[in-house]
Amino acid sequence: MPVDRTLGALLHDAAIALACIFCLTLVAMPAAAQTGKFSKVEAAKLAGQVKREFLHAWTNYETYAWGHDELRPLSRTAKDWYGQPLLMTPVDALDTLIIMHLDGEANKARKLIDTKLSFDRDISVKNFEITIRLLGGLLSSYEMSNDPRLLELAHDLGDRLLPVFASPTGLPYVNVNLRTGAVSGTDTNPAETGSLILEFCTLSRLTGNPVYCAKAKRALVETFRRRSPIGLVGDGLDAATGKWTSPDSHVSGGIDSYLEYQWKCWKLLGDRDCLDMWKASIAAVNKYDADERGGELWYGHVDMNTGRRTATEWGALDAFFPGLLAFSGDIARARRLQDSSFEMWNVTGVEPEIYNYATGKIEDPHYELRPEIVESTYYLWRLTGDPKYRRMGAKMFADFVAACRVPYGYAALDDVVTKQKADRMESFAFAETFKYFYLLFAPRTALDFDRVVFNTEAHPLKRLAPQ
Ligand code: DMJ
């Protein structure tokens, strides 16, 4: 066969293959993703789908891991973080069950929590995780259900966590034994020290005891006042000495919710100190972390003391930041940064844990069912009303289901390229990922957005005043 004919035939085959891929993509995408509009009917259909998929994960938790912290969705076995159950999944999931009006399931979960959850346990737990998941979950569900047992449990938990603040600096220790109050761990970071104020101040408001709020606020202030002369924080500090152990500055894990809680503390509590801290922090972050590349906006890593660029990384955890920018009024930056996150998502059709936006390389290929990119999509939709964000969410939800749904729940991915599954289903998938997907497509009345502030685990807490 002459060479030019072979080449022609190859090009012809390639063109057909490309056309087929294009057709398949169109078929696989929800109708609304193909046009500029997003109808109420399409949104209602998707909200229903999200609810059904949430139930798929939840009923498998009920069947195979009831009464434990988590379900391992591949082996159908239960996991308890500390060897004894603290009901991570039911507590994290309860307000989502309530918001989705899954009343039977919600009542069953609430009964389990009311009768079986006990914090009188000789185990050393991580203060940060227990605060955002359990304290936040109990407080939010209490406010939605008025079940006094949930507040009683939150109150008991708050008392058991308080010893963490008894360090020489007021920065919390990392771990506390729930029974003995013994504390351990000084190797911490701003997210762990500076994002407790929403939960602890809500506990103070609901119990009338100001001590929780005062301790958490001091921890935030002590973190903030250690910022560098150019206004940045690193991602490691020692709770006992107050000295920085890492100068790496960014908006990713270790720093993320420290920034989030400065703004949200202002929104939830009307605390002007928080507003001032936020203004100073966001100015420095916008000045040094923001990275303009070929017309795109990303936020990378810099040295907290010099502002020198040290890495061009963005990832699943960073992806909350467009939502925070939008919530704090910077819609223009939020929109551009969300476009970058979506670009990262679309490299493989599910975002990686770490992506190098300068080289286009995936540096950590895990996906832990994380919610942050969905959270930002929800905020942008809620605050702009632009149907583009519902279309974005529809694409992400279709990808999420295709890649992570397994017969017994939803599984994390060890590799977003190969879509290799991992035997993990973190409780935040119930608390956050499904909740934000649902709220993105549900009618606005599903949650009174203006009267609540979400903690960093997506537990809505009631606002004091409408600032
Ligand atoms: C959650 O526990 C919280 O959102 C936290 O702030 C960061 N990581 C996970 C979800 O990815």
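Me: Before I look at the ligand, what counts as a polar contact?

Reply: A polar contact is a pair of N or O atoms within 3.5 Å. Keep in mind that this is a predicted model. Here, a polar side-chain atom of R370 lies 2.7 Å from an oxygen atom of the ligand. That pair is within 3.5 Å, so it qualifies.

Me: How far is an oxygen atom of the ligand from an N or O atom in the side chain of E372? And what is the distance for E457?

Reply: For E372 the distance is 2.8 Å. For E457 it is 2.7 Å. On its own, the ligand has 300 Å² of accessible area, and the protein covers 92% of that.

Me: Which residues are around the ligand?

Reply: Go through them by number: I132, L317, R370, P371, E372, F428, E432, T456 and E457. Then sort by class. Four are nonpolar, one is polar and four are charged.

Me: Which pocket does the ligand take up?

Reply: The ligand takes up the space of the largest pocket.

Me: Now the strands. How should I read a sheet, and what is the order of the one with β7?

Reply: Start from the general idea. In a regular strand, side chains alternate between the two faces of the sheet. Now the case. The order is β6-β7-β8, an open sheet of three strands with antiparallel pairing. Its edge strands are β6 (187-188) and β8 (244-246), and each pairs on one side only.

Me: Over how many bridges do β7 and β8 pair?

Reply: Two, in the antiparallel sense; β7 spans residues 236-238. To place the register, take L237: its bridge partner in β8 is W244.

Me: Where is the hairpin, and which residue in its turn has a positive phi?

Reply: β10 and β11 form it, with two residues between them. The residue in the turn is G294, with a phi of about 50°. Strand β10 covers residues 290-293 and β11 covers 296-299. They pair over four bridges, antiparallel. Use D291 as a marker: W298 in β11 stands opposite.

Me: What is the strand order in the open sheet with β12, and why is one side of β9 left without a neighbour?

Reply: The order is β9-β12-β13, three strands with antiparallel pairing. β9 (248-249) stands at an edge with a single partner strand, so one side has no neighbour in the sheet. β13 (309-311), at the other edge, is in the same position because it too has a single partner strand.

Me: Which residue stands opposite D248?

Reply: D303, in β12. Strand β12 runs over residues 301-303 and pairs with β9 over two bridges, in the antiparallel sense.

Note on methods
Residues numbered from 1 in each chain as written. Predicted model: local features only at pLDDT ≥ 70, side-chain atom pairs only at ≥ 80, totals over all residues. Heavy atoms only, no water. Near = heavy atom within 4 Å. Polar contact = N/O pair within 3.5 Å; in protein donor to acceptor, adjacent residues only side chain to side chain. Areas by Shrake-Rupley, 256 points an atom, 1.4 Å probe, with all protein chains shown as cover. 1 Å grid on protein atoms, 1.4 Å probe; cavity = no way out; pocket = protein on both sides within 12 Å on 5 of 7 lines; lining within 4 Å. Sits in = over half its atoms within 2 Å of the grid points. Nonpolar A, V, L, I, M, F, W, Y, C, P; charged D, E, K, R; others polar. Pairing = 2+ DSSP bridges.
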